[in-house]
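Good morning, and thank you for coming. Please have the sequence and the structure open in front of you while I speak.

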Amino acid sequence: MDKLSITGGRRLEGEVTVSGAKNAALPILCASLLSSDTIALSNVPALNDIGTTLRLLGQMGVRAERGNDGTVSLSAAQVSSLEAPYELVKTMRASILVLGPLVARFGEARVSLPGGCAIGQRPVDQHIKGLAALGADIRIEHGFVIAKAKRLKGASIRTDMVTVTGTENLMMAAVLAEGQTVLENAAREPEISDLAELLIKMGARIQGHGTDRIVIDGVDTLHGASHRVVADRIEAGTFLCAVGATGGEIMLRHAAPDTMGALLDKLQEAGLQIECGTDWIRCAMRQRPKAVGIRTREYPGFPTDMQAQLMALNCIADGTAVMVENIFENRFMHVQELGRMGARIDIDGHTAVVTGIDSLSGATVMATDLRASASLVIAGLAAKGDTTVERIYHLDRGYERMEQKLCAIGADIRRVRAQEAA
Ligand code: EPU
């Protein structure tokens, strides 16, 4: 398995181009199942999760052409299989996003249930409950969700909690249903609006995306469309935390600062100087960070996907920060590893109390999930001495060329390939 080898203590200076958002691209790729026409996408990040989704769609008969400039063109004119097998779903939970589109267009789907996950139980009961409300006949058999419906029928659906992929799955199902669907308690994440914008270009009738009440009037068919995937607010935020921890000044290009309000506020509170245009963010850090408390919330609250990275910053901040994780029940897996670098963090249930110290010390640490890995990289960049981050396959799932982008702004970071390490 590849590792990252980091020598800490370098200031970060220069420009970074932000990639397209993983969590927008994944549902958008699955939306190609909704039409027999071609969907032409740009700004699709080169990530392992994107590769997995293209393999999944490919097994179903979707033809995909991927350029090396972030373009992907998809045609679901000849879908031959309506199944998402366990082998792919177990490596990527977002595979569940084919469920809604398959039932909506083909009247049938057989999707393996995702199993447990490092950051929490993450059930998909709300996806299933919503599809049943849309008239699908659903059975769970041999670890698969089997859903059938001649044609889905519009319904009013209120999910028990706010769910991002649940909202996306149900929105994709409802666009081809007969009649009107109202999704109450819908997630408001920018990635949902991005998906809705693609669906509207394909001929869907959707209103209210970006709010907690989405109204969808079903249509008979959808047509082809082109779409540029929105910028990755979590990747952008990760680079901002890195500069916050090391000091320096960077310019993020192709960013979407209007999707990053809660995070930018907190980083300013931590002492970062931030200036934004429509698609850029300039950020400078010239002091020791100040400790900042957060409570993770659904959008537009502080994102759970940034909790671990901000924690790395708090580890070396002036003061004590109380950080509460409200979305997932087990998303403090980075805490023990940060502790190995000298961090002082106490955990009580969903709350972490981080007491800032002058500096972290480099160590060998192990990544446990995607954002935990990013947190350890930030800690390594700021630490004294050398850090090795092991198991970075998690990082490759969700950050495009992270070490190259960091090298280009002055970090001393290098990928040690598995063969090289051996
Ligand atoms: N939940 C249920 N039942 C459901 C659905 C969700 O109990 O049917 C619970 C979950 O267990 C969790 C909460 O509701 O406690 C919220 O989960 P949500 O469904 O919103 O999460 P998700 O859709 O599975 C997406 C992102 C995650 C991100 C979360 C929260 C994608 C592909 N994934 O997951 O991204 O953390 O929303 O914002 O969009 C990441 O990129 O590192 C990542 C984990």
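I begin with strands β6 and β7, which run parallel and are joined by 2 bridges. Before going further, I should say that this is a predicted model. One residue pair to look for is E83, whose bridge partner in β7 is R110.

These two strands belong to an open sheet of 4 strands, in the order β6-β7-β9-β8, with mixed pairing. At its edges are β6 (83–84) and β8 (137–141), each of which pairs on one side only. Helix α4 packs on this sheet, where α4 touches β7 and β9, and the direction of α4 makes about 160° with that of β7.

Let us stay with this helix for a moment. Why is α4 described as largely enclosed by the rest of the structure? The reason is that 6 of its 8 residues, in the stretch 99–106, are buried. Those buried residues are L99, G100, P101, L102, V103 and A104. Which elements cover them? The cover includes the helices α1 (22–31), α2 (48–60), α5 (125–133) and α6 (164–174), together with the strands β7 (108–112) and β9 (144–148). After α4 comes G107, whose phi is positive, near 75°.

I turn now to another sheet. This one is also open, and its 4 strands follow the order β4-β5-β3-β14 with mixed pairing. The edge strands here are β4 (63–66) and β14 (225–228), each pairing on one side only. From one strand to the next, the twist averages 15°. Strand β3, residues 38–42, runs parallel to β14, and 4 bridges join the two. Within β3 and β14, you may find A40 opposite S226. Helix α2 lies across β4 and β5 (72–75), and α2 runs at about 150° to β4.

Helix α2 also contains D49. Is D49 buried or exposed? With a relative accessibility of 3%, D49 counts as buried. Leaving aside residues up to four places away in sequence, D49 touches K22, L26, M92 and R397.

K22 leads us to the ligand, because a polar side-chain atom of K22 lies 3.0 Å from one of the ligand's oxygen atoms. D125 also takes part: a polar side-chain atom of D125 lies 2.7 Å from a nitrogen atom of the ligand. In the case of V164, a polar backbone atom is 2.8 Å from an oxygen atom of the ligand. Around the ligand there are 21 residues, and the ones that come nearest are Q126, T163, T165, D305 and I327.

Next, the cysteines. How many disulfides does the model contain? The count comes to 0. To follow the reasoning, you need one cut-off: a disulfide requires two cysteine sulfur atoms within 2.5 Å. For C241, the closest cysteine sulfur is that of C283, at 9.3 Å, so the two are too far apart for a bond. For C407, the closest cysteine sulfur is again in C283, at 19 Å, which is also too far for a bond. The surroundings of C241 and C407 may be noted as well: C241 is buried at 0% relative accessibility, whereas C407 is partly exposed, with a relative accessible area of 38%.

Finally, I would like to show some backbone details. As background, most residues other than glycine have a negative phi, and most peptide bonds are trans. With that in mind, which peptide bond is cis, with omega near 10°? It is the bond from Y299 to P300. P300 is located in the loop between β18 (294–295) and α10 (307–315).

Two histidines also deserve your attention here. H142 is not a glycine, yet its phi is positive, at about 50°. H142 sits in the loop between β8 and β9, and with a relative accessible area of 73% it is exposed. H254 likewise has a positive phi, of about 55°, although it is not a glycine. The loop that holds H254 lies between β15 (248–253) and α9 (261–269). H254 is partly exposed, with a relative accessible area of 40%.

To close, I would ask you to return to α4 in your own viewer and locate its buried residues, among them L99 and A104. Then please find G107, which follows the helix. Thank you for your attention.

Terms used. Residues numbered from 1 in each chain as written. Predicted model: local features only at pLDDT ≥ 70, side-chain atom pairs only at ≥ 80, totals over all residues. Heavy atoms only, no water. Buried < 20%, exposed > 50% of the residue type's maximum accessible area, 1.4 Å probe, protein only. Contact = heavy atoms within 4.5 Å. Pairing = 2+ DSSP bridges. Axes fitted to C-alpha atoms, helices over the stretch in contact; angles between N-to-C directions. Near = heavy atom within 4 Å. Polar contact = N/O pair within 3.5 Å; in protein donor to acceptor, adjacent residues only side chain to side chain.
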